[in-house]
Amino acid sequence: MPRSTGRRPSPPPTKHGPTDPFSALSLLRKLLNNTARSRYKMTPEEHRLSLHLLTVIEPFVSASPMNTDDARRTMTRQPNEILDMIAFHIDSRADLLALALTCQRLRNVVLPRHLEYRVIHCRPSSEKVWRHLITHPLLACNVRRLQIMDERSRDPELIPTRVAEEDDISSSGIEMHAEQQRLIVGALAQMTTLASFSWTCNNSLISFDDVSPTLFTCDMLKEVEISDNLMFKTPDGHRGDASEVDVRARGVPDLTSVAIRTARSNYRSNKHPSLVRIQGLLISHCPNLTTLRIGYDHRRPFIPLADEFLSLGRWPGLRTLSLQNLWCSTHAGFDAAAKFLAAHPLVETLHFELGRVQLDLPHGTLPNLKELMCAREIAVAILTCPLNDMGAVRPLEVVKGFKLGGGKDDTLLNCLKGYQGLKRIELLSFNEVDDVRKLAKAAPRINWLDVGKKSSSPAKANASAMPSVFLTGGQNEWAPVLCALPELSTFHGVHFFYECTDAASHSDRSRIKKNDEVASMLAWKCPKLRRVDYWDNSGKVVILGDRLKWEIGLVFVATLKL
């Protein structure tokens, strides 16, 4: 006979739908807890209810415990559309390659549709690339970085395989450039998820102004790099006042990094360069900049004036600023430069090359500065500027770009003494070893020192010869300087070693012996020193090992490409 429990009857099975497994599981647990008191003896109603709850739960769980192989096959059992959407949200090519290498199914989806389309490098004349992207808008959406190369560039193009195998049907004649411009603009309109854009096309009739209106419609655009001499040319019809800035232009909120520089060639260069076109672009389309780099070629005789740019440009979130080879007027320019720096308190990296600028900075300017590259006068003005908080010090770690010597270093060296967190110094040049010795006394905790070139030394006779100022015994002159830097691990600017090409010759054996002596001396005087200059300007360095003194001669010849 069924037992009488006296409990409240359970609700009928029809109350639990087949698409709600969580409530069914919760009710089943309650039912089992209630029957545990009577040794799991159920009434007929409870038995029917439990069976119904199990039928609701069973489709959502595996009949057997899932092992590792089943867990790995879970994603591969998804349809191609789901796999394509998963790969769509991966921007890194390295991560896409790792995903494609997991199995054959993912490789067939990731490689042809995503990996080959994430980064595209091509020229404006590659019309088959632009036509392919216009014809296949779903594939164009997978492009994250686009670099439009110069027509004269020797770098290889990076395009999808299926595009490279297609026949090249290029236009010709007078309308060739107009057709290329139309195709580039049409392809850009399809790249709705473009994150990085690079324009290095200087030797073409197509300009950046022709494609920029379409480019700035990409809502996910984060980085723009431009290498074009035309960007430093005053637009036609410019009246010379600030009212010409189009405040109604569409800004790109995610665009945080912009780099603009001149091209390597002089084509389209202007005798009277200006920043009018650049400041209009930045103010109109880039409200949330965090990184801004503007560089003009040092080889050009005329450089652009930055007064108006410094007066109008304001980006509250700016953290990295690089202005190279520009100039300011005597009064208005100096005041504009000081107000510009004071208006950007979040700047951490500052490369400020504006000639001989005399800055009168207000208190509290650049409180977060970590890296400074500028002339000696500007460095003194910034480092001596007091902060608003009493006793506060800027977190300065890197100083570079100034010359040492000439009897004008006392003020700067006294400023460096107050920055105990300084780790790296890079000079343009120095006059005497005593100047570097004073620098080491002012900043004894640095671990990286580049002394640059010796301004008073004669030119080298050839690249392989040892400089006359650093002949044998020169390490003895520099040893006291390096000993004053106990944390020094990298030292550049002085060639201590001789070049050795053939160990079999008598002269090379003598040089190897002298190099062993130099390496032993450096390891003894500077126990943390690991990297010094190679014997020529080939971009290599000499690595000193941390072994015993007599083994260092076998280690120092190991070179490492910078």
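The following exchange covers salt bridges and a surface patch in a predicted model.

Modeller: Local features need pLDDT of at least 70 in this predicted model, side-chain atom pairs count only at pLDDT 80 or more, and totals for chains, interfaces and linings use all residues. Residues are numbered from 1 along each chain as its sequence is written, and side-chain values use heavy atoms, with hydrogens and water left out.

Colleague: Why is the contact of Glu157 with Arg123 called a salt bridge?

Modeller: A salt bridge is a side-chain nitrogen of Lys or Arg within 4 Å of a carboxyl oxygen of Asp or Glu. The closest N and O atoms of Glu157 and Arg123 are 3.4 Å apart, so the pair meets that rule. By this rule the count comes to 15 salt bridges.

Colleague: What makes Arg123 buried, and how is Glu157 classed?

Modeller: Buried means under 20% relative accessible area, exposed over 50%, and partly exposed in between, with a 1.4 Å probe and protein chains only. Arg123 has 15% and is therefore buried, whereas Glu157, at 29%, counts as partly exposed.

Colleague: How do you know which helix holds Arg131 and Glu127?

Modeller: Helices (H or I, at least four residues) and strands (E, at least two) are DSSP runs, numbered from the N terminus. Arg131 and Glu127 both lie in helix 7, four residues apart, about one turn of the helix. Their side chains meet in a salt bridge at 3.1 Å, N to O. Glu127 has a relative accessible area of 0% and is buried, while Arg131, with 29%, is partly exposed. Glu127 and Arg131 are also linked with Glu179 and Arg182 in a network of salt bridges.

Colleague: Why are Glu371 and Lys400 called buried?

Modeller: Glu371 has a relative accessible area of 19% and Lys400 has 16%, so each falls under the 20% limit. Glu371 forms a salt bridge with Lys400, their closest N and O atoms being 3.1 Å apart. This pair links distant parts of the chain, with Glu371 in strand 9 (residues 371-374) and Lys400 in strand 10 (residues 398-404), 29 residues apart.

Colleague: What makes Met75 eligible for a nonpolar patch?

Modeller: Patch residues have over 30% relative accessible area and no salt bridge; like charges are joined within 9 Å, and nonpolar side chains (Val, Leu, Ile, Met, Phe, Trp, Tyr) within 5 Å. Met75 is at 31%, so its accessibility passes the 30% cut-off. The place of Met75 is in helix 3 (residues 68-76). Met75, Ile82, Met85 and Ile86 form the patch, with about 320 Å² of accessible area together, by the Shrake-Rupley method with a 1.4 Å probe; for residues, only the protein chains shown count as cover.
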